[in-house]
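Morning, everyone. Please look at the sequence and the structure on the screen, and then I will go through a few features.

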Amino acid sequence: MDLLGLIALAAGVGWASGLRIYLVALLLGIVARFHWLAMPRGASIFAEPWALGFAALLASFEFVADKVRRFDSKWENVRAVARGVGGGVLAGWVVSAEGDPMLTATAGVLGFFLAVGTHAVKAMIRTSIHASSEPAHPSSLNVIVSSVEE
């Protein structure tokens with residue numbers, strides 16, 4: 001994979017990690033396992049059966065936790081740090097096998113900031129939905145917004 005492709009992959013992984021970090025890890029693993037796209041060597045760890053199982057378990061939990069109205073805000077607070085750090089780690093890890101430490105660090109920083117930015121926008125939208133004054137509106141809208149994120 002060329003340099004531009006690696007940077008684009010790192011940016012995409014970082015951005016998507018701000019929404020659903022475990023789902024990103026799971027999708028990376030599935031794509032690498034079945035060779036659907038040309039992936040860098042660093043993505044091969046996500047194709048391991050234990051990594052796929054762990055990512056699937058956590059993605060399932062995150063999917064369910066995100067649908068519960070009051071719990072989802074608490075879950076977002078807990079995940080705020082993890083998504084940023086995880087986005088940086090995933091982005092750096094994907095390009096790490098290329099052997100260039102500067103590229104790995106750059107991808108990690110790029111992934112971190114994109115994940116944090118994405119998560120911040122998501123959290124602001126979530127907060128505005130919960131602040132709605134109509135009693136029936138937030139619950140139904142929460143499920144819709146949460147489903148759109150998938």
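**Salt bridge, packing, patch**

There is 1 salt bridge in the structure, meaning a side-chain nitrogen of Lys or Arg within 4 Å of a carboxyl oxygen of Asp or Glu. This is a predicted model, where local features need pLDDT of at least 70, side-chain atom pairs count only at pLDDT 80 or more, and totals for chains, interfaces and linings use all residues. Residues are numbered from 1 along each chain as its sequence is written, and side-chain values use heavy atoms, with hydrogens and water left out.

Which side chains meet in the salt bridge? They are those of Glu-62 and Arg-83, at 2.6 Å, N to O. Glu-62 sits in helix α2 (residues 49–65) and Arg-83 in helix α3, 21 residues apart, so the pair links distant parts of the chain (helices are DSSP runs of H or I, at least four residues, numbered from the N terminus).

Next, packing. Helix α1 (residues 3–33) packs on helix α3 (residues 69–96) at about 135 degrees, with the axes 8 Å apart; axes are lines fitted to C-alpha atoms over the stretch in contact, and angles run from 0 to 180 degrees between N-to-C directions. The two are therefore oblique to each other (not under 35, over 145, or 65 to 115 degrees).

Finally, Val-81 lies in α3.
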